[in-house]
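Open the model in your viewer and keep the selection tool at hand. The stops below go from one selection to the next.

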Amino acid sequence: MSTSGKIAVAGVVAAIVLFWTVGFWAGLLVLIGVPAAAYLLLDSSQRRRVRGVSRKRIGR
């Protein structure tokens, strides 16, 4: 299994555990809020680099 596949499986397992322990809406808030807050904490050059990686412009 690829690295991204392992990360996806771990995310699904974490979501199921989170929904089961704290409830649906609180779990959804955490699953959406934490990555959004982490992205907003990056400076502009780091955001540009993240967008480039997501668009498969690695090595530029």
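Residues here are called buried under 20% relative accessible area, exposed over 50% and partly exposed in between, with a 1.4 Å probe and protein chains only. This is a predicted model, in which local features need pLDDT of at least 70 and side-chain atom pairs count only at pLDDT 80 or more, while totals for chains, interfaces and linings use all residues. Residues are numbered from 1 along each chain as its sequence is written, and side-chain values use heavy atoms, with hydrogens and water left out.

Start with the whole protein chain. Colour by secondary structure: there are 3 helices and 0 strands, in the order α-α-α from the N terminus. Helices (H or I, at least four residues) and strands (E, at least two) are DSSP runs, numbered from the N terminus. Of the 60 residues, 5% are buried. Show the surface next: its accessible area is about 5,200 Å², with 69% belonging to carbon and sulfur atoms. Accessible areas come from the Shrake-Rupley method with a 1.4 Å probe, and for residues only the protein chains shown count as cover.

Select helix H1, residues 3-22. The end C-alpha atoms of H1 are 28 Å apart, which agrees with the 28 Å expected for 20 residues at 1.5 Å a residue; the expected span is 1.5 Å times one less than the number of residues. Val 9 lies in this helix and is partly exposed, at 44% relative accessibility. Add Met 1, Val 13 and Val 17 to Val 9, and you have a nonpolar surface patch of about 400 Å² accessible area together.

Move on to Gly 23, which follows H1 and has a positive phi, near 105°.

Which residues do ring pairs link into a cluster? Select Phe 19, Phe 24 and Trp 25. The structure holds 2 aromatic pairs. Phe 19 and Phe 24 have ring centres 5.1 Å apart and planes at 40°, so this pair is tilted. Phe 24 and Trp 25 have ring centres 4.9 Å apart and planes at 80°, so they are edge-to-face. Rings of Phe, Tyr and Trp (its six-membered ring) pair if their centres lie within 6.5 Å; planes under 30 degrees apart count as stacked, over 60 as edge-to-face and the rest as tilted. Phe 19 is partly exposed at 28%, Phe 24 is partly exposed at 43%, and Trp 25 is exposed at 66%.

Finish with H2, residues 24-40, whose end C-alpha atoms are 24 Å apart, in agreement with the expected 24 Å.

How values were computed: Patches are made of residues with over 30% relative accessible area and no salt bridge: like charges are joined within 9 Å, nonpolar side chains (Val, Leu, Ile, Met, Phe, Trp, Tyr) within 5 Å. A salt bridge is a side-chain nitrogen of Lys or Arg within 4 Å of a carboxyl oxygen of Asp or Glu.
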